[in-house]
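Student: Please zoom in on one aromatic ring for me, then work outwards from there. I'm at the bench, so plain talk is welcome.

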Amino acid sequence: MDSSSKSSSANRAYPCPEYVKVHELVPKKLQFSNYLEWKKQMLDDVITHNGLRGFIDGTVETPPETKMVTVSDGANAGSLICEKRENEDYVAWKKSDELVRQWILSRLIWSMKKEVSPFKTAKEVWEALLKLVEDIKTRLNHYLPLYKATIEGNWKTAEEFIEKEPEAVRARITPDSETALIVAVRVARRNSFVEKLVEKMSREDLAIGDDTGRTALHRAAGSSNFAAAKLLVMKNPCLVYLETHFKNTPLYYAAARGKRKMILWLMEVMDLKTKPLEGESGFRILYQLTISQLYDIALTVLLENPMLASFIPKKEEDLIYHPLSALANKPSSFESGNNYNFLQGFIYSMMKLENIPDYRRGGDPEAPPTSNNSGAANGGWGCAVKIRLHAMFWSFWKVTEKFGRILDEFHFTMKCNRVCRFSLSHQTYLILRHADNTRPKFKESLLHFHSYAKLICTVIAYIIIANDFINTVPLIKPIRETKELQDHALALLQFLCEKVIESNFSNADRIFWLPLEQATLEGIPEIVEKILVVYPYAVLLFENCKKQSIFQQAIVLRQEKVFNLIHQLEEFRAIVLSKWDASNNNALHLAGHAADPQQLYLKAGAAFQMQRELQWFMEVKRLVVPKNVEQRNKDNKTPAQVFSETHKDLVKEAERWMKDTANSCTVIASLIATVVFAAAIQVPGGNNDNGRPIFHQQRAFIIFGISNGFALFSSVASVVMFLSILTSRYAEEDFLFSLPNKFIIGLGSLVFSILCTMVAFGAILYLVFGENKGWILYPLVIFGCIPVFLFLFLQSPLLWQMIKSTYFSRIFDKRSSRLLL
C-alpha cells in the first residue's frame with residue numbers, strides 16, 4: 001500500500017502525457033526563419049499546456065538517483081541496516097524529462113538536431129538550442145555583406161571580403177547553412193561569379209553541404225545550371241556521387257525538375273553501366289524520372305538495373321513512390337487520355353514512329369503499329385473500321401516497298417522539307433526502245449504499265465511527304481510528341497509489370513495494388529489491363545476498404561474505359577459483378593447510386609447527365625445475372641429503388657434545364673415562323689395583273705421561295721418538338737432516348753430554319769437592289785453567314801454532344817478479344 005501511494009505521488013509531481021501529438025501542435029520543424037513561431041508553439045501549446053515547463057526553466061529540480069532505506073536485518077532479528085535503493089521520484093522525473101527532450105528533438109531539422117542531441121536533459125537541450133540560434137544570428141549578421149554580393153553577382157565586393165577572411169568561402173552564410181557557392185549556382189547568370197569563386201576553393205570545399213546535405217552540385221542540378229555543374233564536376237568528379245541526409249544524389253534533383261539535358265549528362269558522368277543505380281536512391285530517382293514523364297530515360301535506367309522494378313522500400317508507405325504509381329497518375333501519357341477530334345485522331349493513328357519498343361507486336365518488326373490502347377482490337381464497328389484502315393495503309397506501304405525493289409532504280413532526292421522525287425527504272429525505258437519495231441502491242445502494254453507505275457510512285461511520294469509533314473509542321477508536331485511519349489510510357493509499363501512478376505512474384509500484390517487502384521480512379525485501362533494480364537489474381541484479390549473489386553470501383557467512379565475490360569472476363573464477369581461489397585451492394589446497386597458530381601458528364605447540361613446515368617444503369621443491368629436485378633442490400637432496397645432515390649434531385653434539375661432551354665428555343669422558332677410566313681404572303685416586288693409575282697422568273701426569287709418555305713416548315717417543326725418537350729411527363733426513363741431525341745430534332749430544325757431564313761433574306765436583297773451586280777452578292781453572303789456561324793459556333797457543341805450521346809453512344813464496347821481470366 002505504501003509503495004503504491006508513493007508511486008501515485010511521483011506521477012502527480014512528474015506528469016508524463018505520452019498521448020500528446022506534437023507533430024500536430026508544432027507542424028513545422030525548427031529553422032532559423034520560423035524560430036519565434038516554433039518557440040511559441042513548443043513552449044506554450046505543448047510544454048506549458050501539459051504542466052512540464054519546469055523541466056526546461058529549472059524550477060523542477062532533479063531528485064537523487066538513489067536513496068537510503070532502513071530495513072530489518074534478516075540475519076539478526078531486531079537489528080536494522082541502511083540499504084541504497086532506486087529512487088522512485090528520480091525514475092518518474094527521468095521519464096518526464098526524457099519525454100520533453102524527445103518532443104523538442106522531434107521538431108528540429110537534421111543539422112540542429114545533430115548539434116543538441118548529445119545533451120542528456122531537456123533543460124540542457126533547450127539552453128543549447130537557444131545558444132545555437134543566437135550563434136546563427138551573429139554569424140548571419142557577420143556574413144551579410146558576402147551574402148548580398150553573392151546574390152547580386154558582385155565579385156569585386158565578394159573578393160574583398162574573402163581576401164580579409166579566406167575562411168569565408170567555406171562559411172555558412174544563410175539560415176539554411178548554405179555557402180556562398182551554393183547560393184551563387186542557383187541562377188545561371190551568376191556563373192562568372194561561380195567560376196571565380198571555385199578557383200579560390202579546394203576540392204573538399206565544393207563538397208560542403210547545407211542543413212540537408214545538399215551541395216552546390218545538388219543545387220546546380222536542381223536549377224538546371226548546366227555550365228556551373230560542369231565546372232564543379234571538372235574540379236571534383238566525386239560530387240556526382242554525394243548524397244544528402246535523405247540519400248539523394250544530384251541526379252535525383254535533376255530528375256525531379258525533369259531537365260533532360262542535365263539528366264543525360266549526369267548519367268554519362270556517373271557511368272551507370274559500370275555503377276548502376278541501386279537501392280533506395282535508384283528507386284527514388286526512377287520515380288522522379290517517371291513522374292517527370294521522361295519514360296525513355298526511366299526505361300534506360302531499368303535496363304541497366306531491372307531489379308529496381310520490383311524493389312521494396314524499407315517503409316511500406318514509400319511504395320507510393322513506385323514508378324507504376326507515377327504512371328497511374330498520368331492519364332495523358334496513354335492513348336485513352338487523348339481528347340482529339342476526328343482529324344487529330346486520324347493523324348495520330350497514322351503516324352509512324354521509329355525506334356520505339358513495341359511489346360504489343362510480339363517482337364515482329366515488320367508488323368504494322370497498333371493503337372496504344374491494346375483494348376481497341378475487335379470491339380465495335382468503329383474500332384473495326386479503324387483497325388481495317390490501319391491494316392490497309394500498312395499493307396499498301398509494304399506492297400509499294402516491294403514494287404520499288406522490283407524496279408532497278410528508285411531515286412529518292414531530299415530538298416528542303418525532304419520533298420521526294422521518284423523515277424522508274426532505266427531498264428523499263430530500254431525495253432520500250434527495243435520494242436519499237438518488234439512488238440507494238442507489247443509496247444502499248446508496257447506504256448500502260450509505265451503510267452500505272454508512275455501513279456503508284458507518286459502516291460508513295462505523297463505518303464512520305466505527308467509523313468514528313470506530320471513530323472515537322474508546328475500544328476501537328478505536338479501530336480507526334482504526344483504519340484512518342486505515350487509509346488514510351490507503354491513500353492515502360494510493359495517492362496515494369498513483367499519484371500515484377502519475374503523477379504518478385506511474392507510481393508506482386510503489394511506492388512500492384514496502389515497503381516491498380518489509382519489507374520481505376522484516373523480511368524487508365526492500359527495499366528489496369530496490363531496488370532490483370534500479368535497478375536490475374538488481382539481481379540478477385542484486390543479490394544478497397546468497402547470490399548469493392550476493381551470493376552465495382554470503375555462503376556462507382558463512372559470510368560467506362562476501365563469498366564469495358566469486364567467484357568474480357570467472358571462468363572466470369574457474372575461472378576465479379578454479383579459480388580457484394582461491405583453494404584451488400586452488387587454491381588447494379590452501385591450503378592444505381594448517383595455518381596459524384598465531378599464524375600458526371602457535365603458538357604451538355606443536367607438532362608444529359610441523367611441520360612449518362614441511365615446508360616450506365618442499363619448497361620450494368622444487361623451484364624448481371626437476373627437474380628441481381630431484384631436483389632436487396634443492407635438497407636433492403638433493390639437497385640431500381642436505389643436509382644430512383646439517389647437521382648431525385650438530378651431528375652428535377654434535368655427537367656428544369658430541359659424546360660428552360662425548350663422555352664427559349666420556342667420563342668426563337670416562333671419568331672422565325674412569323675417572319676417567313678409574312679414574307680411568303682407579301683412577296684417582294686408585288687404581283688402582276690395575273691396575280692403572279694413580278695420576279696417569278698428570276699433565279700434569285702426561286703432561291704428565295706425555296707429557302708423561305710424550308711425555313712417555315714423547319715421552324716414550325718421546331719416549335720412542335722419543343723412544345724412536345726414542355727408537355728412531357730419527365731419520367732426517369734424518358735431521359736434515356738425520348739426527351740433527348742425530341743430535343744435534337746427541335747434544335748436541329750431551329751438551326752436549319754435560321755440558315756434558310758438568312759438565305760431567303762440574302763436572295764431577296766440581291767433581287768431588289770443587286771440589279772445583277774456581282775459585287776453586291778459578296779457582302780450579302782459574308783454578312784448573311786455571320787449570324788448563322790455565330791449560332792452554329794455557340795450551339796453546335798451542345799447539339800453534337802447530344803447526337804453523340806443519344807445515337808452514337810459507344811462507351812460500352814468490347815475493346816479486345818484477349819481474355820483476362
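Tutor: Let's start with Phe283, which is buried, with a relative accessible area of 1%. Buried means under 20% relative accessible area, exposed means over 50%, and partly exposed is in between, using a 1.4 Å probe and protein chains only. This is a predicted model, so local features need pLDDT of at least 70 and side-chain atom pairs count only at pLDDT 80 or more, while totals for chains, interfaces and linings use all residues. Residues are numbered from 1 along each chain as its sequence is written, and side-chain values use heavy atoms, with hydrogens and water left out.

Now for ring partners. Rings of Phe, Tyr and Trp (its six-membered ring) pair if their centres lie within 6.5 Å; planes under 30 degrees apart are stacked, over 60 edge-to-face, and the rest tilted. That rule gives 27 aromatic pairs. Phe283 and Phe311 make a tilted one, 5.3 Å between centres and 45° between planes. The two partners come from distant parts of the chain, 28 residues apart: Phe283 is in helix H16 (residues 279–291), and Phe311 is in the loop between helix H17 (295–304) and helix H18 (323–328). Helices here are DSSP runs (H or I, at least four residues), strands are E runs of at least two, and both are numbered from the N terminus.

For another tilted pair, take Phe701 and Phe704, with ring centres 5.8 Å apart and planes at 45°. These two rings share helix H35 (residues 699–726) and sit 3 residues apart, about one turn of the helix. Phe701 and Phe704 are both buried. There is also an aromatic cluster made up of Phe505, Phe512, Trp513, Tyr535, Tyr537 and Phe542.

Rings can have a charge for company too. The rule is NZ of Lys or CZ of Arg within 6 Å of the ring centre and within 35 degrees of the ring normal. Lys261 puts its charged end over the ring of Phe226, 4.4 Å from the centre. Lys483 does this over the face of Tyr348, at 4.6 Å from the ring centre.

Back to our Phe283 and the way out of H16. In the loop between H16 and H17 you'll find Gln293. Its phi is positive, near 65°, although Gln293 isn't a glycine. Gln293 is partly exposed, at 24% relative accessible area.

Follow the chain into H17, and you reach a helix packing. H17 and helix H23 (residues 477–503) have axes 8 Å apart and an angle of about 25°; the axes are lines fitted to C-alpha atoms over the stretch in contact, and angles run from 0 to 180 degrees between N-to-C directions. H17 and H23 are therefore roughly parallel, on a scale where under 35 degrees is roughly parallel, over 145 roughly antiparallel, 65 to 115 roughly perpendicular and the rest oblique. Their crossing is left-handed, with the near helix turned anticlockwise from the far one by less than a right angle (clockwise would be right-handed). On the H17 side the contact includes Tyr295, Leu299 and Leu303, and on the H23 side it includes Leu485, His488 and Phe495. Contact means heavy atoms within 4.5 Å.

For a second packing, look at helix H3 (residues 35–48) and helix H7 (residues 122–142): their axes come within 13 Å and cross at roughly 165°. That makes H3 roughly antiparallel to H7. H3 also passes H7 in a left-handed crossing. Among the residues that meet here are Tyr35 and Trp38 from H3, with Trp126 and Leu129 from H7.

Buried positions can fill most of a helix, too. Helix H27 (residues 550–557) is largely enclosed by the rest of the structure, because 7 of its 8 residues are buried. Phe551 and Leu557 are among those buried residues. Right after H27 comes Arg558, with a positive phi near 60°.

To zoom right out, the protein chain has 37 helices and 2 strands. Of its 821 residues, 45% count as buried.
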